[in-house]
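Please work through the exercises below with the sequence and the model in view. Attempt each task before reading its solution.

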Amino acid sequence: MKPSPSVAVGSVLGAVVCIVVLAMLAACGGGGSESPSMSTPSNGKLNLRITDSPVTSAKRVVVQFTGLELKPAAAADPVIFDFAPRQIDLLALDGGGSEVLLSGQTLPAGDYEWIRLKVNAGKDGSDSFIELDDGSVHPLFIPSGNQTGLKLIRGFTIGAGSTHDFTIDFDLRKSVIHPPGLGDPYLLKPVLRLVDNLEVGTISGTVANALVVDGCKPAVYLYSGAGVIPDDVGSATAPLTTTAVTLDATTGEYRFKLAFVPAGANTVAFTCAADMDAADVDDAITFSAPLPATVVAGQTTTVTFPAP
């Protein structure tokens, strides 16, 4: 049976009304989720960790952190994150270890100018301190640290809708000094670098036992670029970072690991005189013949220091 003319006309008008309403909803974004092409997220996420390069003649280097500040380039005020005071033994993080400071934290997308680590580091040693190999404990003092914190001036970008993983490398060998006249406290003059975890790799390897002579304080120094002539921390050709060489009790081998190394050409060198390398003095340090080490992001490069 054919539909009556009135029913047919009503169906057509109903269809037209539905089409018009759907078009209006699509135009104004109502009645459902946006089209993917219309989505413009204004935030990103940040994972931030801290690691360190070691200092000789110390068992522990403890710093108390209380928060962070991150300065957007387009804003007058920093984004502030405060947390309960946390004491972190930075010396325990050598060789690729790290501690989480921020995890999956949402931030406005855009360029950032600097990061400030908020710390407690007074002269009484109740919050930040260094424990030496002889068992003595000394305050770790940062002038104005409780007010100004540790500022890392290094720009970075948070992409809209993206998650970013960064690590702050705290170079203790360059940062901890004990200048004459200071008394009991040790001074912390922070040397920090920010690395994108997607742009770094690892160098690990062994040192021939014959190189680790009696009285040796072994360490491996890392230099950016190929063919670098190694020099000490206080020189004009200072290493990018350093790491301790430790004895593997199971294998009897001396091993080392340099983490968070920028991808590209690098030079590594071994020394037995790491304890003689003062951060604020150009010392005469003897190194073994330097070796090349090309690093690929996300991979490990193996280096062996052979017997002389």
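Four exercises with worked solutions follow.

The model is predicted, so local features need pLDDT of at least 70 and side-chain atom pairs count only at pLDDT 80 or more, while totals for chains, interfaces and linings use all residues. Residues are numbered from 1 along each chain as its sequence is written, and side-chain values use heavy atoms, with hydrogens and water left out.

**Exercise 1. The protein as a whole**

Task: State how many helices and strands the protein has, and what share of its residues counts as buried.

Solution. Step 1: Helices (H or I, at least four residues) and strands (E, at least two) are DSSP runs, numbered from the N terminus. The protein has three helices and 21 strands.

Step 2: Buried means under 20% relative accessible area, exposed over 50%, and partly exposed in between (1.4 Å probe, protein chains only). Of the 308 residues, 42% are buried.

Step 3: Contact means heavy atoms within 4.5 Å. Among contacts between residues at least 6 apart in sequence, 73% join residues at least 24 apart.

**Exercise 2. Two open sheets**

Task: Which strands stand at the edges of the sheet E4-E1-E10-E13, and why is one side of each left without a neighbour?

Solution. Step 1: Strands of a sheet pair through backbone hydrogen bonds, either parallel or antiparallel. Two strands pair if DSSP finds at least two bridges between them.

Step 2: The order E4-E1-E10-E13 describes an open sheet of four strands with mixed pairing. Strand E4 (99–108) and strand E13 (192–196) are at the edges; each has a single partner strand, so one side of each lacks a neighbour in the sheet.

Step 3: Strand E10 (residues 163–171) and E13 run antiparallel and are joined by five bridges. Thr-167 is opposite Val-195 in E13.

Step 4: A second open sheet, also of four strands and with mixed pairing, has the order E17-E18-E14-E21. Its edge strands, E17 (246–247) and E21 (300–305), each pair on one side only. Two bridges link E17 and E18 in the antiparallel sense, and Thr-246 stands opposite Arg-255 in E18.

**Exercise 3. Two residues**

Task: Decide whether Phe-260 is buried or exposed, and find which residues Ala-238 contacts beyond its neighbours within four places in sequence.

Solution. Step 1: Phe-260 is in strand E18 (residues 254–262). Its relative accessible area is 14%, so Phe-260 is buried.

Step 2: Most residues other than glycine have a negative phi. Phi of Phe-260, however, is positive, near 60 degrees.

Step 3: Ala-238 lies in the loop between strand E15 (219–224) and strand E16 (241–244). Ala-238 counts as partly exposed because its relative accessibility is 34%.

Step 4: Beyond its neighbours within four places in sequence, Ala-238 is in contact with Tyr-223, Asp-232 and Val-233. Ala-279 is 41 residues from Ala-238 along the chain, and their C-alpha atoms are separated by 9.6 Å.

**Exercise 4. The largest pocket**

Task: How many residues line the largest pocket, and which lie nearest its centre?

Solution. Step 1: On a 1 Å grid over the protein atoms alone, a pocket is an open set of points where a 1.4 Å probe fits, with protein on both sides within 12 Å along at least five of seven lines; lining residues have an atom within 4 Å of a point.

Step 2: The lining holds 21 residues, with Val-55, Val-176, Ile-177, His-178 and Ala-278 nearest the centre. Strand E6 (129–132) and strand E11 (176–177) are the elements that give two or more residues to this lining.
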